[in-house]
Amino acid sequence: MNYDVNKIFDEYVMLSNVHTKKDYESYYNNFGEHKYAALQNLVKASDVSAEAEKLCDEVAETFKKFRKIRTRDLMNLNYYMIYYVFPTILEREENGKDICDTIRDVWNSKFKSKINYTDYETLHSGFQTKIFGIPIGKN
């Protein structure tokens, strides 16, 4: 295995269910500091598509139960990719958009998903403080 999937996706359930701007900022920074290095073979590859296939195959192998990934697990993995993997690539790699396009297309094909990506600032600015489900103030 080329990728330490268990390290990259460690605590993916908790981290994909973030609800506050402060928590997202903290988790995002932690991902960049401690987990992003495990993706260097992917982001520095001359054939990103082939490396993305390897990553997706390893994710599928790691998280499958009874020959497939459970729907809830796949949903959390999708969120994790959107919240952490893609924004970090966009922020740190010169050709981040091209890399993310390729990974997104391979991921969607492999897992029959329809995820897309955006940058950290867009995600971060989308968090709002709510009381009883009603947004209050600007964060």
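Which residues are linked in a network of salt bridges? The legend to Figure 1 gives the answer for this predicted model.

**Figure 1. Salt-bridge network of Lys97, Asp101, Arg104 and Asp105.** These four residues are linked by salt bridges. Within the network, the side chains of arginine 104 and aspartate 101 meet at 3.6 Å, N to O. Both of these residues belong to helix α7 and are separated by 3 residues, about one turn of the helix. Arginine 104 and aspartate 101 are both buried. Helix α7 spans residues 96–111 and has the highest confidence in the protein chain, with a mean pLDDT of 97.

**Figure 2. Salt bridge between lysine 44 and glutamate 93.** The structure holds 7 salt bridges. In the one shown here, the side chains of lysine 44 and glutamate 93 meet with an N to O distance of 2.8 Å. The pair links distant parts of the chain, its members being 49 residues apart. Lysine 44 is in the loop between α4 and α5, and glutamate 93 is in the loop between α6 and α7. Lysine 44 counts as exposed because its relative accessibility is 56%. Glutamate 93, in contrast, counts as buried because its relative accessibility is 9%.

**Figure 3. Salt bridge between glutamate 61 and lysine 64.** The closest N and O atoms of the pair are 3.2 Å apart. Glutamate 61 has a relative accessible area of 43% and is therefore partly exposed. Lysine 64 is also partly exposed, with a relative accessible area of 35%.

**Figure 4. Negative surface patch of Glu25, Glu91, Asp119 and Glu121.** One member of the patch, glutamate 91, is found in helix α6, residues 71–92. Glutamate 121 lies in helix α8, which covers residues 120–125. With a relative accessible area of 53%, glutamate 121 is exposed. The C-alpha atom of glutamate 121 is 8.6 Å from that of proline 87, although the two residues are 34 residues apart along the chain.

**Figure 5. Positive phi at glutamate 11 and phenylalanine 66.** Most residues other than glycine have a negative phi. Glutamate 11 has a positive phi near 60 degrees. This residue is found in the loop between α1 (5–8) and α2 (12–16). Its relative accessible area is 44%, so glutamate 11 is partly exposed. Phenylalanine 66 has a positive phi of about 55 degrees. The loop that holds phenylalanine 66 runs between β1 (64–65) and β2 (68–69). Phenylalanine 66 is exposed because its relative accessible area is 78%.

**Figure 6. Aspartate 47 in the loop between α4 and α5.** The flanking helices cover residues 40–43 (α4) and 48–63 (α5). Aspartate 47 counts as partly exposed because its relative accessibility is 42%. The C-alpha atoms of aspartate 47 and asparagine 76 are separated by 27 Å, and the two residues are 29 residues apart along the chain.

**Figure 7. Strand β4 and the confidence of the model.** Strand β4, residues 134–136, has the lowest confidence in the protein chain, with a mean pLDDT of 60. Where pLDDT is low, the predicted coordinates should not be read in detail. The protein chain averages a pLDDT of 90, and 91% of the residues score at least 70.

Technical notes:
Residues numbered from 1 in each chain as written. Predicted model: local features only at pLDDT ≥ 70, side-chain atom pairs only at ≥ 80, totals over all residues. Heavy atoms only, no water. Patch = residues over 30% accessible without salt bridge, like charges linked within 9 Å, V, L, I, M, F, W, Y side chains within 5 Å. Areas by Shrake-Rupley, 256 points an atom, 1.4 Å probe, with all protein chains shown as cover. Lys, Arg positive; Asp, Glu negative; His and termini not counted. Charge placed at Lys NZ, Arg CZ, Asp CG, Glu CD. Helix = DSSP H or I, 4+ residues; strand = E, 2+ residues; numbered from the N terminus. pLDDT = per-residue confidence, 0-100. Buried < 20%, exposed > 50% of the residue type's maximum accessible area, 1.4 Å probe, protein only.
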